[in-house]
Amino acid sequence: MKWRLFYAVLIGYLVFVAYRFYLESQPVSAIEIRERHLVQSEQLDVAVVWPEGEDKVGYVKAVRLVVDVINSESLGLCRNMEQEESEQANNAACTTKTLKLTSYAEPIQRDAAVKQAKTIARNPSLLAAIGYYRSDAALPAAPVFEFEGVMMLSSGSTNVKLTDYDFNYIFRNAANDDTNAKILAKHIHDEGYINAYVVYERDLYGTEFSNYFIEHATALGLRVPAQAFFEEGHTNFGPMLSSLRSKISPINLTDEIALLQAKLQQAERMLEIARLSARGDDASIIQFLTAEQKLKNGENKFFDSMPRAKLQQYLQEDLKQSRSTTYLESLFLKNQKELILLEKKEQYVELDQLNTDLQMWIDKIKSIKDEDTASVSARLVDELHVTRRVIDLDADGMLVKFEQMQKRISKIKSGEVDVIFIAGFMPEVGVAIAQARDLGIKLPIFGGHPLIDLENQCKTTTNCTGYDDIYALVTHNVDEYRRAYEAMKQGAAPEKVCAEDDVNCLPERYACPNFETAYVKFQNFAESYQQTYGTEPDNWAIQGYLAASMIQETLKAAHSLEPEVIADTLLYRANSEFADKGLMFSCHSHGITEGDILVEEMKIHKLEDL
């Protein structure tokens, strides 16, 4: 009996040993290896992958400055989490970890980006990789970091696909091409331009960005009469630009006036129907519907005996019909037939009358929105309230629409109705712009954030006299940020729209509880940057400051060095908590996808000193 018990225990022990041996012999994942090293190592590594060159050096400088601050304040994380329990039991001190920053030049070729990412991720003590200016490098590198459990935070890649794959470790803090293209298209449209000629570099960035721009531009009503592309490394843009210039032709004045008239007539009809629906009596509604019925030449309806509910139903049907593209086209064709009979001088008279009618509506809407009803009679109060109900169907939208139409009239009268949209990187874009100006193509040029580098280049090495109007998207406008802070300190009320010369106006995007905290924190960084490097932080330095600060705050909040916990902390707590930490440049930072962290809309910036 004893021998049987002995053999049973022995067999059980051998099975247990074999099972432990089996578990320990199983392959360990790269993420598990990284977790062990991060816990045990006294030094954690952060890689910065960013292009070389004086125009972008601010990013790495800013990251280095924040990392120095992190090390001076200490991360407060134990060198060995398993050892921590026994040390705390013995009241022993917890070893503080430090961050080491290593900078890598961002490669241009995709294969080189993959190879570099594998080299970087081979370091088991690597905590995060940040930077990545170009999507050509960020996209192929992302799967490598995802597989290795390395948190990647891109500050320059704008390709929509980067954060669109449900990766756990891939993030960015830059707006994507779709959003940026929409901002540019809307700005160009709202300024009254009619034609946008598209020039793009045929690579990942240029092709995607231009496609999104064309999509948004045409949806808004802008025309894209011609497109032209160039390859990376191209230097002779003469033939392409000459072909593009040959396609820039005067607008059809008749069609443009007819379309503007049709848009105003459509808006007036919609407002009239809304007014009748809000306060019209049965007689006025019946009169309107009868007149409409005669114009439609359809079957007769006897409105006189209908109850008000039925009359309202017919009004809503007319309102729906008035919003249709078909109705707008019918108005356009009618106006076109009338205008084509007029001389050009007479057409300009019609244009002036249209401008006057628009101004009347603009003044009416503004007066109703701003009217102090406490100082007027009861009858007028009722009229104002009713009219406000009508206008407020889309008061701000209607006002913007009418003001945009006025800007278009101004552009038509001046003849300045064309712009060029360009998508590509330096130095090719800079060469293309220089050769376009040499060929006499003086149209305003709009583009994405790579055009910022042109401003820096023109300040240092290139004579850009005669470049004229060039506009780029920037992630943050520090001058505007500073003006908003001063306005807030002076007690300015938040406004949705502020004039450029209005120093006592606080834009709505800064009217949030954490704005002052964020500004003070950024100012501390800016002063430190100035003292350390002898210059103010530029656009890319600000992106570096935000990216490194996100790493800092994420480590504080995670209370762990497990890669999955760190990534989850950044994913699920970032946008909701970074504002409280003072990491923001507006109240409306948000992510288009889950991986977009603290993303803010870019702003239109006119390049100076060209």
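Let's start with the buried residues of helix α17: they are E428, V429, G430, A432, I433, A434, A436 and R437. The helix covers residues 428–438, and with eight of its eleven residues buried, α17 is mostly covered. You'll notice that E428 and R437 are on that list of buried residues too. If you follow the chain just past the end of α17, you reach G440, which takes a positive phi of about 85°.

Before we go further, please keep in mind that this is a predicted model. So let me zoom out for a moment. How many helices and strands does the protein chain have? There are 22 helices and 13 strands. The chain has 610 residues, and 48% of them are buried. Its accessible surface comes to about 30,600 Å², and carbon and sulfur atoms account for 51% of that. Now think about contacts between residues at least 6 apart in sequence: 74% of these join residues that are at least 24 apart.

Next, a pocket. The second largest pocket holds about 390 Å³ of space. It is lined by 15 residues, and the closest to its centre are H189, K263, G397, K401 and Q404. Which elements give two or more residues to this lining? They are α7 (177–190), α8 (204–220), α10 (253–279) and α16 (395–414). The largest share comes from α16, with six residues. If we sort the lining by class, we get seven nonpolar, three polar and five charged residues.

Now let's visit some single residues. First up is Q543, which sits in helix α21, residues 539–558. Is Q543 buried or exposed? Its relative accessibility is 1%, so Q543 counts as buried; the cut-off is under 20%. What does Q543 touch? Setting aside residues up to four places away in sequence, the answer is Y59, S155, N173, A174, T475 and H476.

Compare that with R482, in helix α19, residues 478–489. Here the relative accessibility is 30%, so R482 counts as partly exposed. Beyond its neighbours within four places in sequence, R482 is in contact with Y519 and E536. You can also find Q523 from here: Q523 and R482 are 41 residues apart along the chain, and their C-alpha atoms are separated by 9.2 Å.

Let's move to the loop between β12 (506–507) and α20 (515–533), where we find A511. A511 has a relative accessible area of 37%, so we call it partly exposed. Which residues is A511 in contact with, leaving aside those within four places in sequence? They are P494, L506 and C587. Take P494 as an example: P494 and A511 are 17 residues apart in sequence, yet their C-alpha atoms are 5.8 Å apart in space.

The loop between β12 and α20 also holds N514. N514 is partly exposed as well, with a relative accessible area of 22%. Not counting residues up to four places away in sequence, N514 touches A579, D580 and M584. If you look for F578, you'll find its C-alpha 9.9 Å from that of N514, although the two residues are 64 apart in sequence.

Last topic: aromatic rings. The structure holds 31 aromatic pairs. One of them is Y165 with F167: the ring centres are 5.8 Å apart and the planes meet at 40°, so this pair is tilted. Both partners are on view to some degree: Y165 is partly exposed at 48% relative accessibility, and F167 is partly exposed at 29%.

There is also a cluster to look for. Ring pairs link Y481, Y485, Y510, F515, Y519, F522, F525, Y529, Y533, Y545 and F585. Do you remember Y519? We met it a minute ago as a contact of R482, and here Y519 is a member of the ring cluster.

To wrap up, here are three things to find on your screen. Try α17, where eight of eleven residues are buried. Then try the second largest pocket, with K263 and K401 among the residues closest to its centre. Finally, trace the ring cluster, starting at Y481 and working your way to F585. Thanks for listening, everyone!

Notes. Residues numbered from 1 in each chain as written. Predicted model: local features only at pLDDT ≥ 70, side-chain atom pairs only at ≥ 80, totals over all residues. Heavy atoms only, no water. Helix = DSSP H or I, 4+ residues; strand = E, 2+ residues; numbered from the N terminus. Buried < 20%, exposed > 50% of the residue type's maximum accessible area, 1.4 Å probe, protein only. Contact = heavy atoms within 4.5 Å. Areas by Shrake-Rupley, 256 points an atom, 1.4 Å probe, with all protein chains shown as cover. 1 Å grid on protein atoms, 1.4 Å probe; cavity = no way out; pocket = protein on both sides within 12 Å on 5 of 7 lines; lining within 4 Å. Points joined across faces, edges and corners; volume = space filled by probe spheres on them. Nonpolar A, V, L, I, M, F, W, Y, C, P; charged D, E, K, R; others polar. Phe/Tyr/Trp six-rings, centres within 6.5 Å; stacked < 30°, edge-to-face > 60°.
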